[in-house]
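Please examine the sequence and the three-dimensional model displayed below before reading on.

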Amino acid sequence: MTHAVLSIGSNLGDRLAHLQSVVDGLDGCVRAVSPVYETDAWGGVEQGPFLNAVVIAEHPDRSPADWLRLGQEFEDAAGRVREIHWGPRTLDVDIVICRDGSEQIRSDDPWLTLPHPYAHLRAFVLIPWLAAEPDARLWVAGAEQPVPALLAELDARERAGVRPTDLVLSR
């Protein structure tokens with residue numbers, strides 16, 4: 001059984017509906033969903049704020065590549081256009097980690113790098129992930145690290161930029 005942590009975000013159109021489309025599309029695979037947060041865009045491109053959340057999903061037969069393809073299908077269904085790297089988007093689905101049993105899967109394939117190479121630097125990933133999976137751990141620098149410790153290493157402004165909302169994703 002693979003366990004996947006999916007970071008989802010949207011800053012165009014009906015942002016909440018785009019996030020909900022992922023939860024709905026995962027159907028019976030969803031094990032946990034974080035609260036929804038609003039965050040300023042990351043990556044230096046001027047654009048509107050994002051809604052972000054994390055979804056924890058499991059499936060007996062899905063490989064990491066299957067999770068990636070499914071995430072891309074969700075993005076395509078939401079009308080995602082890839083014009084500007086880190087630019088505005090209707091939906092972004094990132095595979096943060098995949099586990100097979102207790103083992104965190106690692107991959108250096110440029111098509112699918114696992115764990116996500118920037119996850120440990122992004123409060124908008126770590127904060128929702130901890131809300132959905134309080135014992136979360138991420139492979140960084142050759143070892144699994146507790147996500148609370150990684151979050152504590154981030155700049156306080158980065159952490160403060162992840163703002164709770166009253167919005168909820170339904171399972």
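The following paragraphs treat helix packing, burial and the pairing of charged groups with rings.

The coordinates belong to a predicted model, and every value given here was computed from it. A suitable starting point is the pair formed by helix α1, residues 15–26, and helix α2, residues 64–77. Their axes lie 10 Å apart and enclose an angle of about 135°. That angle makes α1 oblique to α2, since oblique angles are those outside the ranges under 35 degrees, 65 to 115 and over 145. On the side of α1, the contact is made by Ser21, Val22, Gly25 and Leu26; α2 contributes Trp67, Leu70 and Phe74. The crossing of α1 past α2 is right-handed.

Tryptophan 67, one of the α2 residues in that contact, also takes part in an arrangement of another kind. The charged end of arginine 62 sits over the ring of tryptophan 67, at 4.9 Å from the ring centre. A second arrangement of this kind involves arginine 106, which lies over the face of tryptophan 139 at 3.7 Å from the ring centre. As for rings paired with one another, the structure holds 0 aromatic pairs.

Beyond α2, the loop that leads to strand β5 (92–100) contains arginine 89. Is this arginine buried or exposed? Arginine 89 has a relative accessible area of 10%, and because buried means under 20%, arginine 89 counts as buried. Leaving aside residues up to four places away in sequence, arginine 89 touches Ser10, Asn11, Leu12, Phe50 and Arg80.

Burial also characterises helix α3, which spans residues 123–132. Of its 10 residues, 9 are buried, and the helix is therefore largely enclosed by the rest of the structure. The buried residues are Ala123, Phe124, Val125, Leu126, Ile127, Pro128, Trp129, Leu130 and Ala132.

Alanine 123 belongs to this helix, α3, and merits separate attention. Its relative accessibility is 0%, so alanine 123 counts as buried. Which residues does alanine 123 touch, not counting residues up to four places away in sequence? They are Pro128, Leu151, Leu154, Glu158, Arg159 and Val162. One of these, Pro128, is itself among the buried residues of α3. With respect to leucine 19, alanine 123 is 104 residues away along the chain, and the C-alpha atoms of the two are separated by 18 Å.

Methods: Residues numbered from 1 in each chain as written. Predicted model: local features only at pLDDT ≥ 70, side-chain atom pairs only at ≥ 80, totals over all residues. Heavy atoms only, no water. Buried < 20%, exposed > 50% of the residue type's maximum accessible area, 1.4 Å probe, protein only. Helix = DSSP H or I, 4+ residues; strand = E, 2+ residues; numbered from the N terminus. Phe/Tyr/Trp six-rings, centres within 6.5 Å; stacked < 30°, edge-to-face > 60°. Lys NZ or Arg CZ within 6 Å of the ring centre and 35° of its normal. Axes fitted to C-alpha atoms, helices over the stretch in contact; angles between N-to-C directions. Left-handed = near helix turned anticlockwise from the far one by under 90°. Contact = heavy atoms within 4.5 Å.
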